[in-house]
Amino acid sequence: MNNDINIIAPLQQNEVLPIEIDQQQESVLIKQKKKCHGNRKLHHFKRKWLARGKTKEEIEELITLRNNNNNNNNDNNQISSKNHKNKKQSNKRKRSQQNNQQQNTTIRSISQLSISQQQPLPKKIKPNNRQNNMTTQAAAATTTTNNQSITSKYLHMPKKLLLHSLRHQLNHRIKKRKEKSFILSRIRLLDQQFCISMDQYLYQSYYADGFHYKIWPDDIIKMIQTTTMTTITDNYEHIENYVKDHLNQLQYKFDQSTTQLINQALSCPKSMELSLIESQLKKFVRLHHLDLSRKINFQINTFQDHIREKELFQLLLLYPLTNEQQQTLQRLSFLRQQQFATFEEMTKLEVRILCRILPKSINELDRLIPANHLSSTNTNLPNNNSVYELIKNQQKMIREYKRQLLAKNFEEYESTIEEIEFQFQKELFQLESELSYNIDDNEQINTNTNHLVNVINNYLHCQTTRQMRALRYNETIFRYKLLHPSHPRSSKSNYKNTISIYPEAIIELFEQIFTKKELDLLSTLGPSYIRLNQSSVQKQKVVQKKVKHQHTTMIHKLATDLNRRHGLPTKSAIIKQFGSQSEVIFNQQFSTSSSLTYHNMYRTRHELNTILSIKRKLKRLPIIIRQSDKTGIMHIGYKSDYDKKVLLYQEKTIAYKELIYNPLIDTFFKVIRVLNDLLRDKEIKVWQYKKMVPDQNKIQLAYLYFIPKPHKEGTPLRPIVSSINAPTTGISKLLDRLIRPLFDQHVEQTTIIDGVHLIRRLQLYVKLGLLKTTTHICTCDITDLYTMLPQEESINILKRFLEHFGYTHVQGMTINAIESLARIVLMENVFYYEQKYYCQIKGGAMGSAFTLTLANIFMWHWEQTLVEHQRNSTELYGRYIDDIFFTSNDSMNHINQLLKEANDRHTNIKLTSVIQNPNSFLDVNINNVGHDLITSVYHKQSS
């Protein structure tokens with residue numbers, strides 16, 4: 001309070017006292033303000049500490065501490081406000097003492113008095129509530145938990161999210177209030193115990209290694225310097241006593257947390273089984289402390305590497321190394337550091353690619369085309385198809401350019417690493433040669449020199465191991481920062497509209513039907529996609545029913561086998577005991593979804609909901625989703641486009657004949673008749689008959705579907721016949737099993753297995769000196785090979801192939817039997833498509849195992865002339881099913897004439913050739929530069 005007497009000027013006619021204005025404003029605020037039942041801050045304070053597991057007595061102590069701190073802070077704030085006011089007044093410009101005295105003696109007017117009265121008072125300093133809360137929390141922590149560790153980060157998430165995660169992990173609803181409070185307090189105690197146990201593990205390892213090797217890590221020394229405020233850390237006994245005391249404190253805290261867990265277990269609700277919940281809660285805690293476990297293991301391994309490196313360095317000091325040799329060792333260490341610095345940059349780029357967060361320098365290329373241009377395109381325009389194709393091609397160009405830039409970066413990194421490695425090995429070899437130069441007949445000198453070389457290699461290897469461990473640890477930290485940024489909204493917005501370099505679902509729609517989540521899932525559904533455990537998304541009753549059925553079957557087989565082998569009764573007590581115990585384990589592992597973490601369960605259920613949403617849209621809209629040919633990524637298009645392409649394909653090939661009835665039963669009896677005749681005439685073995693004979697109760701009619709080929713212009717379709725349970729499936733599988741090894745054995749020289757096999761053939765071609773600057777790289781593709789195979793001619797060529805290589809029987813099956821079985825596989829290829837029945841009258845079924853072998857044998861006969869020409873020209877030739885690769889040093893006119901003759905050789909075989917440099921075959925890009933071939937990975941345009 002200020003005790004000075006203020007002179008108040010008389011009021012004018014329209015003036016109002018400031019006090020009355022404040023009272024009126026306060027009355028209005030009081031009317032507008034809601035009623036408050038009690039002290040809200042106090043209630044919030046109590047609820048907060050109740051949720052943290054405190055008792056009422058402990059909360060009362062916290063309230064008294066909080067009130068005392070607030071009173072002290074209020075007194076301090078009043079003193080500070082007075083000091084602030086005096087300081088502010090003293091900072092005003094002072095006049096001379098004479099002027100001040102004159103001002104004091106002069107008589108002021110009424111207006112001057114009123115102005116001085118209305119000057120604002122100095123502002124009050126806002127109390128530091130944050131500091132008060134910190135002091136109260138610190139005091140609470142010291143009074144209740146005896147300096148326990150800081151609460152883990154995941155426990156600070158909102159209570160609803162934490163309980164939601166725990167419901168997934170425990171597979172329990174956790175609806176009751178007692179269950180919630182028990183689980184939350186239990187998870188905090190288990191988290192505290194886990195952190196203490198990890199600290200114990202760290203310091204026990206430190207103590208064991210430090211006591212044995214008489215050396216301590218830098219972490220311990222820094223901690224002693226900060227806690228004891230001393231700089232004398234070379235005293236071994238002082239550090240050892242400190243570590244012992246710290247271990248004793250940790251053990252005391254661990255025992256205290258164990259006691260709290262035992263006492264808290266007594267309040268477990270009856271609706272929850274503590275034995276089942278405890279293991280899941282511990283898994284939950286370990287899952288959220290993977291970074292802590294990784295960090296502690298890294299610290300322990302780093303300390304051990306430091307000890308090993310120091311021991312080796314001490315051994316090096318025992319040998320009389322010259323200054324030049326010591327400098328060479330330093331250069332070797334420096335080279336290794338440079339190499340790992342480059343390797344770390346390359347690793348970070350790999351992590352960015354795996355996390356789908358590319359560098360900004362790569363994503364800046366998207367400015368060449370707006371990423372949202374396609375979505376903003378008017379779908380009602382008549383030339384919308386051409387606009388779509390234009391934008392699609394632009395995006396492909398940018399995507400390919402990004403991939404080329406990334407590939408170039410990796411090439412630069414790899415070349416730098418290889419150059420440093422070459423220099424490192426060169427200097428190491430020189431050092432070893434210099435040390436071994438003075439070796440003579442003295443065995444002792446030779447032994448010391450060899451031992452020195454081994455010590456140097458071990459020392460450098462220890463440095464390499466330590467740096468590699470640090471690199472992998474930094475890699476995990478970098479990945480975590482990428483996936484969990486500090487500002488997630490801004491980081492997501494940076495990559496929202498970027499053109500991705502990753503395989504994405506091919507969309508040939510003029511309207512936006514699917515959401516971003518659905519498109520992301522469709523893009524991941526490829527050959528490398530791994531589904532999670534589906535039992536987590538099924539109903540618990542269904543899972544329990546499956547578990548019970550599998551368990552009953554297993555116990556029955558086990559009891560039967562034990563009875564047969566050892567005469568143990570099937571209903572003995574030990575089998576019943578084992579059955580009951582194993583049933584409990586099975587229910588824990590599958591019925592409670594304990595085999596999955598709550599992260600994976602959430603992902604599985606999220607993907608299931610997304611897939612169900614996609615299915616609902618497919619039922620409602622005329623859209624087809626198919627897995628594309630070769631690349632395996634998803635293709636989305638209109639059903640009307642598919643129907644048009646199917647009609648065009650049928651008209652072009654004339655390979656399918658429509659039937660008026662279901663041919664399944666007729667085909668079944670034809671197959672049975674042929675197999676019985678062959679078995680009766682002893683042209684096949686009994687085991688072969690059993691492999692091929694169909695089961696009438698399991699046979700099903702095959703069905704036809706088409707998959708798109710987006711890597712080709714116009715996205716043509718490839719027909720696939722699904723004949724898993726067809727009557728001829730057994731025959732097709734056995735014929736493929738018998739004849740394919742023969743083809744692989746005799747046609748190995750002209751067959752290309754994969755891209756790696758092609759590269760090895762090219763290396764041999766270059767090594768023999770056959771590559772020239774004028775060498776042409778030619779590739780050919782056979783159009784619709786499987787469908788265009790002539791059936792009778794293919795069977796005759798199969799018979800000629802076997803006779804050519806001197807076969808009369810193949811594992812007991814005669815040539816006539818192979819001919820009869822091959823004919824029934826080709827002739828009785830029946831299926832249905834769009835509720836109509838068809839029979840294939842040309843070629844073989846794409847999807848049948850024997851069709852691939854038959855097509856290879858037919859092409860073996862067709863390519864004999866071309867193979868002979870390439871052999872006489874000492875050129876390279878190879879074929880992968882319907883793709884041909886060859887080299888030539890002839891003129892373009894001669895090559896075109898050669899391809900024309902190959903096209904005219906058979907009416908059903910038509911080639912599409914590409915002659916260019918560079919050229920691509922399978923997944924290899926080949927470039928002829930001078931007298932060398934450069935190969936790289938080739939990505940098809942659709943991927």
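Biologist: Where is Ser722 found?

Modeller: In this predicted model, Ser722 belongs to strand 6, which spans residues 717-722.

Biologist: Why is Ser722 called buried?

Modeller: The relative accessible area of Ser722 is 15%. Buried means under 20%, so Ser722 with its 15% counts as buried.

Biologist: Which residues does Ser722 touch, not counting those up to four places away in sequence?

Modeller: Ser722 touches Ala702, Tyr703 and Tyr705.

Biologist: Why is Tyr703 called partly exposed?

Modeller: Tyr703 has a relative accessible area of 37%. The partly exposed class lies between 20% and 50%, so Tyr703 is placed there.

Biologist: What makes the aromatic pair of Tyr703 and Tyr832 tilted?

Modeller: The planes of Tyr703 and Tyr832 are 45 degrees apart, and the centres are separated by 6.2 Å. Centres within 6.5 Å make a pair, and planes that are neither under 30 nor over 60 degrees apart count as tilted; therefore the 6.2 Å and 45 degrees of Tyr703 and Tyr832 give a tilted pair.

Biologist: Why is this pair said to tie together parts of the chain?

Modeller: Tyr703 is in strand 5 and Tyr832 in strand 10 (residues 830-833), so the pair links parts 129 residues apart in sequence. Tyr832, at 36% relative accessible area, is partly exposed.

Biologist: What makes the pair of Tyr649 and Phe706 edge-to-face?

Modeller: The ring planes of Tyr649 and Phe706 stand at 75 degrees, with centres 6.1 Å apart. Planes over 60 degrees apart count as edge-to-face, so the 75 degrees of Tyr649 and Phe706 settle the matter. Tyr649 lies in helix 22 (residues 639-653) and Phe706 in strand 5 (residues 702-708), so parts 57 residues apart in sequence are tied together.

Biologist: Are these two rings buried or exposed?

Modeller: Tyr649 is buried at 6% relative accessibility, and Phe706 is buried at 4%. The structure holds 19 aromatic pairs. One aromatic cluster is formed by Phe743, Phe801, Phe805 and Trp860.

Biologist: How do you know that the charged end of Lys214 sits over the ring of Phe211?

Modeller: The charged end of Lys214 is 4.9 Å from the ring centre of Phe211. The cut-off is within 6 Å, together with an angle within 35 degrees of the ring normal; Lys214 is listed as sitting over the ring. Arg336 likewise lies over the face of Phe424, 3.9 Å from the ring centre.

Biologist: Which residues have the most contacts inside the largest nonpolar core?

Modeller: They are Ile731, Leu735 and Met813, in a core of 56 residues. Leu735 touches several residues beyond four places in sequence, including Met813, Ile818, Leu821 and Phe850. Apart from this core lies another of 43 residues, among them Leu190, Leu202, Ile215 and Trp216.

Biologist: What makes strand 12 and strand 14 edge strands of their sheet?

Modeller: The open sheet has four strands in the order 12-13-7-14, with antiparallel pairing. Strand 12 (877-880) and strand 14 (911-915) each have a single partner strand, so one side of each is left without a neighbour in the sheet. Neighbouring strands of this sheet are turned by 20 degrees against each other on average, direction ignored.

Biologist: How do you know that strand 7 and strand 13 pair?

Modeller: Six bridges join strand 7 (residues 776-782) and strand 13 (residues 883-888) in the antiparallel sense. At least two bridges are required, so the six between strand 7 and strand 13 satisfy the criterion. Ile884 in strand 13 is the bridge partner of Cys780.

Biologist: Why is Lys682 called exposed?

Modeller: Lys682 has a relative accessibility of 71%. Exposed means over 50%, so Lys682 qualifies. Lys682 is in the loop between helix 23 and helix 24 (686-692), and has a positive phi of about 60 degrees although it is not a glycine.

Biologist: Is Thr715 buried or exposed?

Modeller: Thr715 has a relative accessible area of 6%, which means that Thr715 is buried. Thr715 sits in the loop between strand 5 and strand 6, and its phi is positive, about 50 degrees, although it is not a glycine.

Biologist: What joins Asn917 and Pro918?

Modeller: A cis peptide bond, with omega about 0 degrees, joins Asn917 and Pro918. Pro918 is in the loop between strand 14 and strand 15 (919-921).

Notes
Residues are numbered from 1 along each chain as its sequence is written. This is a predicted model: local features need pLDDT of at least 70, side-chain atom pairs count only at pLDDT 80 or more; totals for chains, interfaces and linings use all residues. Side-chain values use heavy atoms; hydrogens and water are left out. Rings of Phe, Tyr and Trp (its six-membered ring) pair if their centres lie within 6.5 Å; planes under 30 degrees apart count as stacked, over 60 as edge-to-face and the rest as tilted. Helices (H or I, at least four residues) and strands (E, at least two) are DSSP runs, numbered from the N terminus. Buried means under 20% relative accessible area, exposed over 50%, partly exposed in between (1.4 Å probe, protein chains only). A nonpolar core is a set of buried Ala, Val, Leu, Ile, Met, Phe, Trp, Tyr and Cys residues joined through side-chain atoms within 4.5 Å. Contact means heavy atoms within 4.5 Å. Axes are lines fitted to C-alpha atoms, for helices over the stretch in contact, and angles run from 0 to 180 degrees between N-to-C directions.
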